[in-house]
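Please open the model in your viewer and keep the sequence panel beside it. The tour below goes from one selection to the next and says what is there.

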Amino acid sequence: MSVTTAAYATGNLPGGTVDAVVIGGGAAGLNGALMLARSRRSVVVIDSGTPRNAPAEGVHGLLGLDGTPPAELYKRGREEVRHYGGLIVSGEVISAEPAAPSADGDLRFTVTLADGSALTARRLLVATGLRDVLPEVPGLAEHWGHGVVHCPYCHGWEVRDEPIGILAIGSASVHHALLFRQLTDDLIYFTRGTELDDDTRARFAARNIRIVDTPVEEVVKADDGGIAGVRLADGQVVARRVLAVATFMQARTEGLDGLGLPMEDVPGGMGRRFASGMAGTTDVPGVWVAGNATDLTAQVGPSAAAGALACAHINAHLAAADTDAAVAAAESGTATA
């Protein structure tokens, strides 16, 4: 290991080179760091403290932990990483870029934080997650994560049998409507200027999904602070307690331009992500990506699993590099740690 476990006890950034820096302290980042720490790798997690699911009351669909508040889940994760010697740093990455390799040719990266501190790492895991971009409907954003939901698997049970409205953003919303119809008999599809062909309208009619083509002007707040409904362009207020919207999902890229990671659009206009291959590999040697930054629709469980798999690969690459260095040292008669 490049930095001893004892160095983490102070909570200060280590001064030497660490085996890995994980950018992002959500499910993917923490589970990846856990795998590395348990393999006796020196690992530092940079956590901005702004997880995507922070507004949600609980994480759902995660076996054994269903309903756990996100903050509690991440608290447990941080404690587990620390238990094995990993360091969790609160901060924001303002730059990450390749650095000069070591004397034996091993990769190096420099990660700089907003407070001016910096780290040198042999490998990087990008687990920054994504940002949900909501339609620009007045009054919508303030209900995000409560009366405004996006995932039928994350929130569907909690809003079952409520009067639900689908705010369409495009073709993806048609599939969205069919999934939410499973959860309520009272579903209205607000087209918001998007096109619906005759076949789709017939399918909606067969499932008793009402279609409203009149433009939506704003979301109306109820006296209890929740949603009362939506106001249409003609002045009519359509009562709804829940609104479902398929957001545009944008991988968080702040501070990462220096890595030159390739990105790609997701089919159907659903969003933009970091391109990755098996186990989160990227076209940039030494950099892996995991979680919602590359798999926009992954829930907490798959994101955590992806982080674990990516860091198993990172550990394997480090083990190979360590062995190469040991062989070179043996051949030259130079001892290694």
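Which residue in S10 is the bridge partner of Ile 166? Select Ile 166 and look across to S10: the partner is Tyr 189.

Before going further, note that this is a predicted model, in which local features need pLDDT of at least 70 and side-chain atom pairs count only at pLDDT 80 or more, while totals for chains, interfaces and linings use all residues. Residues are numbered from 1 along each chain as its sequence is written, and side-chain values use heavy atoms, with hydrogens and water left out.

**The parallel sheet**

Now select strand S9 (residues 164-167) and strand S10 (residues 187-190), which pair in the parallel sense over 4 bridges. Strands here are DSSP runs of E with at least two residues, helices are runs of H or I with at least four, and both are numbered from the N terminus. Two strands pair if DSSP finds at least two bridges between them. Extend the selection to the whole open sheet of 5 strands, whose order is S8-S15-S9-S10-S11 with parallel pairing. Strand S8 (148-149) and strand S11 (210-212) are at the edges; each has a single partner strand, so one side of each lacks a neighbour in the sheet.

**The antiparallel sheet**

Next, select the open sheet of 3 strands, ordered S12-S13-S14 and paired antiparallel. Its edges are strand S12 (216-221) and strand S14 (237-239), each with a single partner strand, so one side of each is left without a neighbour in the sheet. From one strand to the next, the twist averages 30°; axes are lines fitted to C-alpha atoms (for helices, over the stretch in contact), and angles between N-to-C directions run from 0 to 180 degrees. S12 and strand S13 (residues 227-232) are joined in the antiparallel sense by 5 bridges. To see one of the bridges, pick Val 220 and its partner in S13, Gly 229.

**Strand S7**

Move to strand S7 (residues 130-133) and show its side chains. Leu 130 and Asp 132 make up the covered face, Arg 131 and Val 133 the uncovered one. In a regular strand the side chains alternate between the two faces of the sheet. Add strand S16 (residues 248-251), which runs antiparallel to S7 and is joined to it by 4 bridges. Opposite Asp 132 in S16 is Met 249.

**The loop between S18 and S19**

Select the loop between strand S18 (271-274) and strand S19 (287-289), where Val 284 is found. Is Val 284 buried or exposed? Val 284 has a relative accessible area of 13% and is buried (buried means under 20%, exposed over 50%, partly exposed in between, with a 1.4 Å probe and protein chains only). Leaving out residues up to four places away in sequence, Val 284 touches Leu 259, Gly 260 and Leu 261, where contact means heavy atoms within 4.5 Å. Pro 98 lies 186 residues from Val 284 in sequence, yet 9.5 Å away from C-alpha to C-alpha.

Asp 283 is in the loop between S18 and S19 as well, but at 67% relative accessibility Asp 283 counts as exposed. Draw a distance from Asp 283 to Arg 160: 123 residues separate them along the chain, and 43 Å separates their C-alpha atoms.

**The whole chain**

Zoom out to finish. The protein has 6 helices and 19 strands, and its C-alpha trace spans about 80 × 35 × 35 Å along the principal axes. Of its 337 residues, 48% count as buried.
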